[in-house]
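Subject: Handover of a structure for your review

Dear colleague,

I am handing over the structure below for your review. A short account of what was found in it follows directly after the display.

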Amino acid sequence: MEKEKVVLAYSGGLDTSVIIPWLKENYNFEIIAACIDVGQGKEIESIKEKALLSGASKAYVENVKEEFVKDYIFPTLKAGAVYEGKYLLGTSFARPLIAKKLVEIAHKEDAKFIAHGCTGKGNDQVRFEVSIKALDPTIQIIAPWRIWNIKSREEEIKYAIEKGIPVNVTKEKIYSVDRNLWHVSHEGGDLENPLNEPKIDLFDIITPPEKAPDVPEYITIEFKSGIPVKINGEFLNPVELIEKANEIAAKNGIGIIDMIENRLVGMKSRGVYETPGGTILYYAHKELETLVLDKDTMRFKELISQKYADLVYNGLWFSQLKEALDAFVDETQKVVTGIVKLKLYKGNIITAGLQSPYSLYNEDLATFGEDKIYDQKDAEGFINLFGLPLKVRAHQVNKLKMEANQCEVKIEL
């Protein structure tokens, strides 16, 4: 009898490495490891071999970095979506893309099951599973962390050693790390105590601000319809642009985010994120919007940005509401074209210039000097109308006070 197939979302990290022998022990499955490359770095080079040595019968390694940037990073950037004012959603918007590819591989392999290494405490289990359900509700999901007897990362390490599975995590450096083209996240270990400052050797890509260059660096970023297309005048493809932004921002100590966030599953957690390029791109994009969007559109878009961030964080990338919000965002971005000049210095970003053919800023109107297009006498009529409700209310309050005083006099008599 032919074995059932399960597609495992495989990263090569501790969690997914131990899942392969565990699945072999507990299910009569053919295990197909699927590593979706969204920019994890050098670890991808040996990941296929590692999966096969760990017991997988087949391994896929798919490079989807360009799709990741164009279809997931850029839409979220255009939306200005930031979760709880800090988190630039690096893990959040990678998960629906990975889920999409897992479903595609499952269809190709005629597999009825998909397994993942997310814990029962985290957000990623939700992001993976609701995305899979949205794309193919017939696929069954196996989540070992919710059913096996392993209770901690220390026990995982012990299990891996027993099974001869090589892992990079040690009991001394036990952080849970997620890396892609957009960011690196760090959780667990000593970070679980919010009183602890992140150790200096925690950071993988960003130069700590105190060690950054003593001379500021200027950078220009050019946008077209809300999408960054050039850095320092050089046209770059989407992946190259993110890599270049990461390189410049990281060496200047920019993009360290340390936050206590509200997880979807109801608990607070602490994450330390390195998002260098994303930080300057978000900053530049928002600055350009101040130049080209009218007041009401900009204010309403801030509400949309928050809702968009919640949807992405909660794993609802493939929801109807997000599609509707995308349509609104795309309309606003038609005029978000121009150049932003930034000054980068020891973790700080300072705006050094803005330019756009769609600029709503009119120097002739804004000047404190003499101008020929603004009649200052018009302000008097505007102020009278604008202040009319206050004036009417003041008259009413004074009338009531006078009536109250008259009553007091009569009582005294």
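N232 is located in the loop that joins strand 9 (227–231) to strand 10 (234–235). Please note that the model in which this residue appears is a predicted one. The phi angle of N232 is positive, at about 55 degrees, although the residue is not a glycine. Most residues other than glycine have a negative phi. With a relative accessibility of 41%, N232 counts as partly exposed, because that class lies between the limits of 20% for buried and 50% for exposed.

A further positive phi is found at K346, where the value is near 45 degrees, again in a residue other than glycine. K346 belongs to the loop between strand 13 (338–345) and strand 14 (348–355).

Helix packing

How do helix 4 and helix 5 pack against each other? Helix 4 spans residues 94–109 and helix 5 spans residues 124–135; their axes are 9 Å apart and form an angle of about 45 degrees. The two helices are therefore oblique to each other, and their crossing is right-handed. On the side of helix 4, the contact is made by R95, P96, I98, A99, K100, L102 and V103, while helix 5 contributes D124, R127, F128, S131, I132 and L135. By class, the residues of this contact comprise eight nonpolar, one polar and four charged.

Helix 1 (residues 14–26) and helix 6 (residues 153–162) form another pair, with axes that come within 10 Å and cross at roughly 60 degrees. This angle makes helix 1 oblique to helix 6. The crossing of helix 1 with helix 6 is left-handed. Here L14, D15, V18, P21, W22 and E25 of helix 1 meet R153, E156, I157, Y159 and A160 of helix 6. Seven nonpolar and four charged residues make up the contact of helix 1 with helix 6, with no polar residue.

Helix 8 (residues 276–292) and helix 9 (residues 295–313) cross at roughly 150 degrees, and their axes come within 9 Å. Helix 8 is therefore roughly antiparallel to helix 9, since angles over 145 degrees fall into that class. The crossing of helix 8 and helix 9 is right-handed. In this contact, H285, K286, E289 and T290 of helix 8 meet M298, K301 and E302 of helix 9. The residues of the contact of helix 8 with helix 9 divide into one nonpolar, two polar and four charged.

Salt bridges

How many salt bridges does the structure hold? The total is 20. Side chains of opposite charge can pair when their charged atoms come close. The following cases are among those found.

K5 pairs with E109, and the closest N and O atoms of this salt bridge are 3.2 Å apart. This pair links distant parts of the chain, as K5 is in strand 1 (residues 4–9) and E109 is in helix 4, with their positions 104 residues apart in sequence. Are K5 and E109 buried or exposed? Both K5 and E109 are buried.

Within helix 5, R127 forms a salt bridge with D124, and the closest N and O atoms are 2.8 Å apart. R127 and D124 are separated by about one helical turn, because they are three residues apart in helix 5. R127 and D124 are both buried. These two residues also take part in the contact of helix 5 with helix 4.

Helix 5 is involved in another salt bridge through E129, whose partner is R146, with the closest N and O atoms 2.8 Å apart. R146 lies in the loop between strand 5 (140–142) and helix 6, so the pair ties together parts that are 17 residues apart in sequence. R146 is partly exposed, with a relative accessible area of 42%, whereas E129 counts as buried at 11% relative accessibility.

Finally, E67, K100, K101 and E104 are linked in a network of salt bridges. One of these residues, K100, is also among the helix 4 residues that make the contact with helix 5.

With kind regards

Terms used: Residues are numbered from 1 along each chain as its sequence is written. This is a predicted model: local features need pLDDT of at least 70, side-chain atom pairs count only at pLDDT 80 or more; totals for chains, interfaces and linings use all residues. Side-chain values use heavy atoms; hydrogens and water are left out. Axes are lines fitted to C-alpha atoms, for helices over the stretch in contact, and angles run from 0 to 180 degrees between N-to-C directions. Angles under 35 degrees count as roughly parallel, over 145 as roughly antiparallel, 65 to 115 as roughly perpendicular and the rest as oblique. A crossing is left-handed if the near helix is turned anticlockwise from the far one by less than a right angle, and right-handed if clockwise. Contact means heavy atoms within 4.5 Å. Ala, Val, Leu, Ile, Met, Phe, Trp, Tyr, Cys and Pro count as nonpolar, Asp, Glu, Lys and Arg as charged, and the others, Gly among them, as polar. A salt bridge is a side-chain nitrogen of Lys or Arg within 4 Å of a carboxyl oxygen of Asp or Glu. Buried means under 20% relative accessible area, exposed over 50%, partly exposed in between (1.4 Å probe, protein chains only).
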